[in-house]
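Q: I have a structure to go through today, and I'd like to take it slowly. Can you help me read it?

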Amino acid sequence: MSDATQTVSQIADSGDRGAVRDDGAGFLWDFWYPALRGEEITGRKLATAMLLEVPLVLGRTSDGKAFAMRDSCPHRGIPLSYGRFDGKAVECSYHGWKFDACSGQCVEIPSLSTQDKLRVERIFAGHYPCEERDGYVWVYMTAPGSRTSANLPPAPQLPVFSDKYKITRLACDIPAHVDQGIIGLMDPAHGPFVHQSWYWRSRHSIHEKEKHFEPIPLGFRMSKHEPSSNSAPYKLLRYFSGEATSTIIDFVLPNMRLEEIRSGHLWFSSRATVTPVRRDLSRIDFVAAWNLVRWMPLVVPIFRSFAGKFLRQDQLTMIQQAEGLKYDPRLMLIDDADRPAKWYFALKANLLEARRSGAPMAHPMTGPVTLRWRS
């Protein structure tokens, strides 16, 4: 077992540490991650992104297909993003080597003479599978030194429940390891302190809660329940539908929180991902869709304002937390409010162990669990 795996396992078992402590980056490979918004690559423009400390160059071929390559020429290492793109191949700016955008295969080395016997087609620039969903370009980050499977799962897609709906997207950077971002994302107890506002909640609204959880593949679910009665957005949904409101919240490895809210014929669906850029930098991408079509002109600006403020509050908290984490403090996780964080660390550890050993992945939950906390 690697040091990284051991450390995560120790966290999951002991429950008294709140971050992955190892010499590596603590990333989960062989998953889809959102690299950037699809609108950032148009025409023959090349764009750059960083995922799991891998520099990427992205673009769109003449027939509209998005592609992702490692932003490094295998000849001398200069970023390929400085080069030119003709709609089919990326040309390095240093020596003119050309690489097919959809495979990374070298198609031309201009400096070769007729006497050279180098087989150009055997040279490849780093290349990663790419798919577009919900306005994002997703990249499948294959583990370094391994081959990409021929049977990849599809890239994640936001669930929607009718033909007509509105969709919106928000993002922010947080100066934190992905683990801290994720356990912050699933933390149920910070709301009255970080997100205090007249339309959401206050310290005076704190009360005891009981929620039921169940295991799902690669994650866990907060079972269907009625959302907090002291939150104005849920009240608004009930007002428009005239019926009871329910919500289901899932967390799925490597980094996704999904929420589905139903109120009669009305629905709201959201996904938040915490994507590792570097070991000290992550990005939160939030996408939401809903079918409040009749009230769309009113709802869209209100929701974007609310969600934007919500994200900024989380971002500021993570910036402040990063100040303390610089000094490597000893952290602790408690029950029951921090149990989802413990499940996350255990899921991560068990996945890494299953990949190492080839054995089936053990789930840290053996069945439904009821948790209680005050928030």
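A: Let us start with a term: helices are DSSP runs of H or I with at least four residues, strands are runs of E with at least two, and both are numbered from the N terminus. Please also keep in mind that this is a predicted model.

Q: Okay, so how many helices and strands does the chain have?
A: There are 6 helices in the chain, together with 19 strands.

Q: And what share of the chain do buried residues make up?
A: Of the 375 residues in the chain, 50% are buried, and the accessible surface comes to about 18,700 Å², with carbon and sulfur atoms accounting for 51% of that area.

Q: What about contacts, how much comes from residues 24 or more positions apart?
A: Among contacts with a separation of 6 or more, 59% are between residues that lie 24 or more positions apart in the chain.

Q: Let's look at α6. What span should its 19 residues have?
A: At 1.5 Å a residue they should span 27 Å, and because the C-alpha atoms at the two ends are 26 Å apart, the model agrees with that expectation.

Q: Which residues of α6 are buried?
A: The buried ones include W343, Y344, F345 and K348, and also L351 and A354 further along the helix.

Q: What follows α6?
A: The residue after α6 is G358, and its phi is positive, near 85°.

Q: Which other residues have a positive phi, although they are not glycine?
A: One of them is D30, with a phi of about 60°, and D30 is found in the loop between α1 and β1. Another is E53, with a phi of about 65°, placed in the loop between β2 and β3.

Q: Is D30 buried or exposed?
A: It falls in between, because D30 has 23% relative accessibility and so counts as partly exposed. E53 is partly exposed as well, with a relative accessible area of 30%.

Q: Changing topic, how many cavities of 30 Å³ or more does the structure hold?
A: The structure holds 1 such cavity, and about 50 Å³ of space lies in the largest cavity.

Q: How can anyone tell where empty space is left?
A: Rolling a probe the size of a water molecule over the atoms shows where space remains empty.

Q: Which residues line the largest cavity?
A: The lining includes G26, F27 and L28, as well as V178, D179 and I182, and P254, Y344 and K348 are also among its members. By type, the lining residues divide into 8 nonpolar, 2 polar and 2 charged.

Q: Which helix gives the largest share of that lining?
A: That is α2, which gives 3 residues, while α2 and α6 each supply at least two.

Q: Why is α2 largely enclosed by the rest of the structure?
A: It is described that way because 6 of its 8 residues are buried, namely V178, D179, Q180, G181, I182 and I183.

Q: Back to K348, is that one buried or exposed?
A: K348, which lies in helix α6, is buried, with a relative accessible area of 2%.

Q: How far apart are K348 and L253?
A: They are 95 residues apart in sequence, yet their C-alpha atoms are 7.6 Å apart in space.

Q: And which peptide bond is cis?
A: The bond from L253 to P254 is cis, with omega near 10°, and P254 lies in the loop between β15 and β16.

Note on methods:
Residues are numbered from 1 along each chain as its sequence is written. This is a predicted model: local features need pLDDT of at least 70, side-chain atom pairs count only at pLDDT 80 or more; totals for chains, interfaces and linings use all residues. Side-chain values use heavy atoms; hydrogens and water are left out. On a 1 Å grid over the protein atoms alone, a cavity is a set of points where a 1.4 Å probe fits but cannot get out, and a pocket is an open set with protein on both sides within 12 Å along at least five of seven lines; lining residues have an atom within 4 Å of a point. Grid points are joined across faces, edges and corners, and a volume is the space filled by probe spheres set on the points. Ala, Val, Leu, Ile, Met, Phe, Trp, Tyr, Cys and Pro count as nonpolar, Asp, Glu, Lys and Arg as charged, and the others, Gly among them, as polar. The expected span of a helix is 1.5 Å times one less than its number of residues. Buried means under 20% relative accessible area, exposed over 50%, partly exposed in between (1.4 Å probe, protein chains only). Contact means heavy atoms within 4.5 Å. Accessible areas come from the Shrake-Rupley method with a 1.4 Å probe; for residues, only the protein chains shown count as cover.
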